[in-house]
Structure formats: C-alpha cells, structure tokens
Amino acid sequence: MSQPTNMAQLFERLNDLKSVFKYGQKLIPIIQSLLDFMSETVPLLENINSSITESTSKIPKAANQINNVTSATELATTEILDIIDIMLNDIIEIEKQLENICKIKDEKEKIIKQVKQLAKNKKVDKLLADYEQLDDFNNRYTVISELISKIKNNSNNITLSLQVQDITSQQLAAVNHLINSVQERLASLILNLEETSISDIDSNKIMVPKGSHFDPNANYSKSDGRQDMVDSIVNNHKTSQDEIDKLFS
Amino acid sequence: MSLKFLIVDDSVTMRRIVVNSLRNVGYTDFVEAVEGKEAIEKLVSDDKINFVITDWNMPGISGLDLVKSLRSNAKFANLPILMVSTRGVKDDIIEALQAKVSNYIVKPFTPHILKEKIEQILATV
C-alpha cells in the first residue's frame, strides 16, 4: 500500500519541479535583461564614482583658499587699523598742541592788556586793535576743532566698517564647515560605491579645529535697528528681573 | 573709577577694534585674551581687571561659558561683563542675559555705543 503512495508523492514533486522549470524559463529573459542593464550601468556608476572622487579631492583646495582669504583680509584689516592708530595718535598730539596754543593766546592777551595800560596812547591802541583783528585765533581754532572732530568721526566709521572682516570670517568659517561636511558625505559615498582607499583625500582634509565656533548667521548691518532690538530685550529682561528681585526682597 | 579692561575675542581684528574704540572714548588700560580659558587665567592673576568685554563665538571656552563660569564664582559674581557678538537673535540675547551678562552689544558697533553701554553698566555697579 505504501509504494503507490510514494510514487504519487514522487510525481507530485516532479510536477512541482516542472513548474519551477517553467517559471525559470519565464524568469531567464528577465534575468538576462537585468544583466544587460547592469552591464550598461556599471560603467556609468564607475564614471560617477571617479567624478565624485575627483570632486572630493578638490574640496580641500577650495577650503584652503577660503582660509587664505580669511588670513589675507585679517592681515589687511590689521594694517588699516595700524594706520588708524597712527592717525589717532596724531590727532591726540594735535589736540595737545592746540591746548598749548590756547594757553599762549591767553598769555598774549594778558601782555597786550598790560601794553595798552602802560602806553595809554591812541596810536598804540589802534595798532594793537589791528593786530588782534589780524590774529583771528578763535575762528581758526573753531575750524581746526571741527576738522579734528570730522577726522575722528571718519576714523570711527572706518573702524565700524572694518568689523565686516570679523563677520565675513565667521561666514567663511561656516562655509568651510559646510564644505567639510559635504566632503565627508562624498567620501562615505565613495566607500559605499567601491571599497577603495581614500587615504589621499583624508591626508588633505580641511583643518577645522575641534570646538571651533562661529556664527553662521553673522550679518553685517549698520542699521541701528538691531542694537535697538537688543536694548529693548535687555531693558525688558532687567525690568522683569527687578520685579523678581522685589518679590524675594 | 579707574577701569582696567579685559578684552576677550579670538579675532585679532576685533580685539584691535575694541581697543581702538576704547582709546577713542578715553579709556587707556586694557589686557587681551584669545579665548575663555586665557581670560580666566588673566582674571585670576590680575586683580586690577575690573571690566570684561567678551565675544560669544570662540574656540575652547566660549563667551557664554566664560560668563557662566565667572558668575558661578563669588569673586566675579558682580564683575561688569559686556558681551559683544554677531548674534542678534532674540533667543541668544535672552540666553546671554540669563547667564548674567551685564549688557549686550551686537556687531558692528560704534565707539559711541561702546561708551554708552560701559557707562550704563557702571551706573548700576
């Protein structure tokens, strides 16, 4: 009784096998087209891979150039600040000299007064009056003082504008950080595509010190609005802090 | 009151600008530090420093961490600290105030603003 059952099972398995072969026959063209697709795609992927590798190797150069720009602008800014320092020192010296001239002027006026009193002569009085008119010290003093104040104001404006160097250097540091992140992503992509060494890329990696901080949103604006907003927050905070302090006192 | 300033900023340009601005408004005594750790060392070793002007974004100990660190020490609890930063977002300013900075200036600033804030701080000390 068991033999016919076994035979039936055998035929059943053979039928299963036949179905698998039939399915395989249907699958073969699909596998073939898949292989064709892959053989066409692999060179394309290799192209993409080499292109990414090439781009990745260029990134450190771009980052270094950004660092060079930061260093160059910092150097140039320092040189301008040196000149402003010299200008300010000169202005301080001019102000001192003007003060001395004022003191001498006061002394001269005292002497003229004494000469007038001693001479008691109309001709001498007229000559001294003419001399005083020629002197015109006060007007000249005002003009010079205004010029000094203008130079000071201009140097303040230059100093204000030079702060753009710090702001742009923070923006460039943010760009460098972004470039570094892109390089890391591309490097990991290359490793995933092809298990090749990227030691040559790593050796040129951008030098970004750990813990280096920058403000990616650093913004150069001379508008008073930003400081006004800060003042408003500071004042509100102080008011609320005062109220809290009062509650505790 | 004779003031000795400690200027803390990793940017040599900004340190120079702060020094120039202070000189411009009549202050003459200052020392500089490149980041928070150096600032603390200078404060500990120099008792004459009685005013700190600090940036926020610095490598190592940031300006905000410097303020927090100083405020946690009784010796520096009332030390005038003026923060000068590019950060002009409300949340940042509130964070700085919560860390107990004495006042805040957003860059770029003029010597006039610097003088005004220093005087405001000194009026409350």
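## A walk through chains A and B

Start with helix H2 of chain B and pick out B:Glu41, B:Val44 and B:Ser45: these three are exposed, on one side of H2(B). Keep in mind as you click around that this is a predicted model.

**Stop 1: the two sides of H2(B)**

Now select the whole helix, residues 36–45 of chain B, and colour B:Gly36, B:Ala39 and B:Leu43, which are buried. Why do they sit on the same side of H2(B)? Looking around the axis, they cover an arc of only 55 degrees, so they share a side of the helix. The exposed B:Glu41, B:Val44 and B:Ser45 are on the other side.

What do the buried residues of H2(B) pack against? Show strand E1 (5–8), strand E2 (30–33), strand E3 (51–54) and helix H3 (63–71) of chain B, and you have the partners.

**Stop 2: H2(B) against H3(B)**

Stay here and add H3(B) to the selection. The two axes come within 9 Å and cross at roughly 35 degrees. The crossing of H2(B) past H3(B) is right-handed. To see what makes the contact, turn on side chains for B:Gly36, B:Ala39 and B:Ile40 of H2(B), then for B:Gly63, B:Asp65, B:Leu66 and B:Ser69 of H3(B). By class, that contact has three nonpolar residues, three polar and one charged. Two of the residues you coloured at the previous stop, B:Gly36 and B:Ala39, turn up here again.

**Stop 3: zoom out to chain B**

Show chain B as a cartoon. You should be able to trace five helices and five strands. Follow the chain from the N terminus and the elements go β-α-β-α-β-α-β-α-β-α. Colour by burial and 50% of the 125 residues count as buried. If you have a contact map handy, take the contacts in chain B between residues at least 6 apart in sequence: 61% of them join residues at least 24 apart.

**Stop 4: two loops in chain B**

Go to the loop between H4 and E5 of chain B, where you'll find B:Lys100. Check its backbone: phi is near 75 degrees, a positive value in a residue other than glycine. Is B:Lys100 buried or partly exposed? It counts as partly exposed, because it has 15 C-beta neighbours inside 10 Å.

Then move along to the loop between E5 and H5 of chain B, which holds B:Pro108. Select B:Lys107 together with B:Pro108 and look at the peptide bond that joins them: it is cis, with omega about -5 degrees.

**Stop 5: over to chain A**

Switch the display to chain A. Here there are six helices and zero strands, so to speak an α-α-α-α-α-α run from the N terminus on. Buried residues make up 11% of the 249 residues in chain A. For contacts in chain A between residues at least 6 apart in sequence, 89% join residues at least 24 apart.

While you're there, select A:Lys120, in the loop between helix H1 (2–119) and helix H2 (122–135) of chain A. A:Lys120 is not a glycine, yet its phi is positive at about 45 degrees. A:Lys120 is also exposed, with 8 other C-beta atoms within 10 Å.

**Stop 6: where the chains meet**

Bring both chains back. The contact takes 33 residues from chain A and 31 residues from chain B. Which elements of chain B give two or more residues to the side that touches chain A? Select helix H1 (12–24), helix H4 (90–98), strand E5 (103–106) and helix H5 (111–124). H1(B) provides the largest share of that side, nine residues. Coloured by class, the side of chain B that touches chain A shows 14 nonpolar, 12 polar and five charged residues.

**Stop 7: H3(A) against H1(B)**

Last selection: helix H3 (residues 137–162) of chain A with H1(B). Their axes are 10 Å apart and the helices pack at an angle of about 155 degrees, which means that H3(A) is roughly antiparallel to H1(B). The crossing of this pair is left-handed. Highlight A:Asn156, A:Thr159 and A:Leu162 on H3(A), plus B:Thr13, B:Ile17, B:Asn20, B:Ser21 and B:Asn24 on H1(B), to see the residues that make the contact. They divide into two nonpolar, six polar and no charged.

Note on methods: Residues numbered from 1 in each chain as written. Chains lettered and ligands numbered in written order. Predicted model: local features only at pLDDT ≥ 70, side-chain atom pairs only at ≥ 80, totals over all residues. Contact = placed C-beta atoms within 7 Å. Helix = DSSP H or I, 4+ residues; strand = E, 2+ residues; numbered from the N terminus. Nonpolar A, V, L, I, M, F, W, Y, C, P; charged D, E, K, R; others polar. Buried ≥ 20, exposed ≤ 12 C-beta atoms within 10 Å, placed from the backbone. Arc of directions from axis to C-beta. Axes fitted to C-alpha atoms, helices over the stretch in contact; angles between N-to-C directions. Parallel < 35°, antiparallel > 145°, perpendicular 65-115°, else oblique. Left-handed = near helix turned anticlockwise from the far one by under 90°.
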